[in-house]
Amino acid sequence: MQHKTLLVALVGLLGTTGCETIEVVRDEYRGDTPHEQYLAGLHAAGLAGTALSQAWITEAAKAIRNPVDVDLPILDEGWFSADDPTAIGYRFPASRGRHITVTIEIDPEEPGRVFVDLLRVAEDSTHPPRPVEADTLPGGGLRYEVRRDGVFIVRIQPELLHSGAYRLTLGENPALAFPVAGHGMRAIQSAFGAPRDGGRREHHGVDIFARRGTPVVASIAGRVRRVEVTNLGGKVVWLGDEKIRRSLYYAHLDSQTVSNGDRVEVGDTLGFVGNTGNARTTPPHLHFGVYARGPSDPDPYLRPNPRRLAALEVNPEMWGRWVRTESDGIRLRAGPSTRSEERAVLSTSTPLRVIGGSGRWYRVEAPDGQVGYIAARLTEAVDAPLSRVTMRAGAELRSRPLGDAPPRVRAESDAEVALLGRTAGFAWVRAPSGLAGWVADEDLRGDRQKGVETPF
């Protein structure tokens, strides 16, 4: 309680210094997220130093440091592997007055939790992204109302040893229900900020035109703060939000149907459209205002998302399998769109591990560890080898296309292997035993040798 009282006092003192400073203070006093609690539990149990835990911790940081860029809404599917800890990060902008929603459907092989974290990217690049909402699955999704324009990151990560298919939907929708029954944005004919009284004041709301007597409804669940009649607004209702310090203003009503202190739910009738107050000379309409530390433009609070959720058009059976690029110059992008930033330009036959998909795009991991999206039509499954080559005696089959990557095995003699792909001075090969890995190009010969016995 003392911490909470101190926080309120500090926020009050810093109220004039900017939202970023206030959020830094709040972050100092917030409780741990489920993800942070789980990590603390690994340390307490002495498990944080294990190779598997270290991989889990590394992936958690990587998802925040290098997320994929997406436009909401997005449907993304993939697979979590118990043997290969992973985390996925999605970055996107969002405006004040919008709801960010995260829902996940899990088909687990083993029961376990999936951590869902929403973080806000700090305007000051020296500050890390700050958690603003968190949840775990199974048990629910995540819903957050944006109170200040910014960039956000959603991180999804299962706990250790959890595997299974997932179906993730990230959404972005208006925070408020439309306040005039049966109507939408087309009914708005006077926008926020329009001049009034010859420019002496601005319009602090929107005017929604409808027939007299059309029901005016609650846009939020809340409590009626004031029902009154004024010279300017005529018959008005003030509705208070019980979760956020915000008031909604309904004016020019023909009549009111609620009283001071009434508790209402979304869609409950507050009154009916009219033209009372200073609107007596205009057609019937509702003046609708949003007030949170002053007037706010209601448009982003009400406007539906113009983008539709794209259906998955790639094959989920490819999750965890390998594909390779069909030609030179194919782009690995930060998001599932040709508008997304290029992360790499790939050469022919670059192997890529498919870890998920969205729309017509695969989400893949490149040989250098970069994660991004590639158009599925520009890839082919790694079924048949490109050719068969000879791996020299003493050559090392490595887990990554890096000279210092741990070797999986060393060839005791020349061995014929299947060439599956190439990247940056390394070849991805598979031995007859099925073992696959990376070999330096200099350790391969292109001639095919018959009857060479492989040590793999």
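In this predicted model, W361 stands opposite A375 of strand β27. That pairing belongs to a larger arrangement: β26, covering residues 361-365, runs antiparallel to β27, and five bridges join the two strands. Together β26 and β27 make a hairpin with five residues between them. If you look at the turn, you will find G369, which has a positive phi of about 95 degrees.

How many of the five residues of β27 are buried? Five of the five are, so this strand is largely enclosed by the rest of the structure. Its two faces are both covered. On one side you can pick out V371, Y373 and A375, and on the other G372 and I374, all of them buried.

Strand β27 (371-375) is also among the elements that give two or more residues to the largest nonpolar core. This core holds 30 residues, and Y90, V102, I104 and I156 touch the most other members. Besides β27, the contributors of two or more residues include β2 (74-80), β4 (98-108), β7 (142-145) and β9 (164-174). The biggest share comes from β3, with four residues.

It is worth pausing at I156. Which residues is I156 in contact with, once neighbours within four places in sequence are left aside? They are F80, A87, I88, Y90, V102, I104, V114, F115, V116 and L168. Apart from this core lies another one, made of 28 residues, with V224, V237, L270 and V273 among them.

Now to the sheet that contains β3 and β8. It is an open sheet of five strands in the order β1-β3-β8-β5-β6, with mixed pairing. Strands β1 (68-69) and β6 (130-137) sit at the edges, each pairing on one side only. Within the sheet, β3 and β8 run antiparallel and are joined by seven bridges. One handy landmark here is G89, whose bridge partner in β8 is R155.

Two helices lie across strands of this sheet, as the table shows.

| Helix | Residues | Lies across | Angle |
|---|---|---|---|
| α3 | residues 34-44 | β5, β6 and β8 | about 120 degrees to β5 |
| α4 | residues 51-65 | β3, β5 and β8 | about 155 degrees to β8 |

So where should you look to see these parts come together? Try β3 on your screen: this strand gives four residues to the largest nonpolar core, is joined to β8 by seven bridges, and has helix α4 lying across it.

Conventions:
Residues are numbered from 1 along each chain as its sequence is written. This is a predicted model: local features need pLDDT of at least 70, side-chain atom pairs count only at pLDDT 80 or more; totals for chains, interfaces and linings use all residues. Side-chain values use heavy atoms; hydrogens and water are left out. A nonpolar core is a set of buried Ala, Val, Leu, Ile, Met, Phe, Trp, Tyr and Cys residues joined through side-chain atoms within 4.5 Å. Buried means under 20% relative accessible area, exposed over 50%, partly exposed in between (1.4 Å probe, protein chains only). Contact means heavy atoms within 4.5 Å. Two strands pair if DSSP finds at least two bridges between them. Axes are lines fitted to C-alpha atoms, for helices over the stretch in contact, and angles run from 0 to 180 degrees between N-to-C directions.
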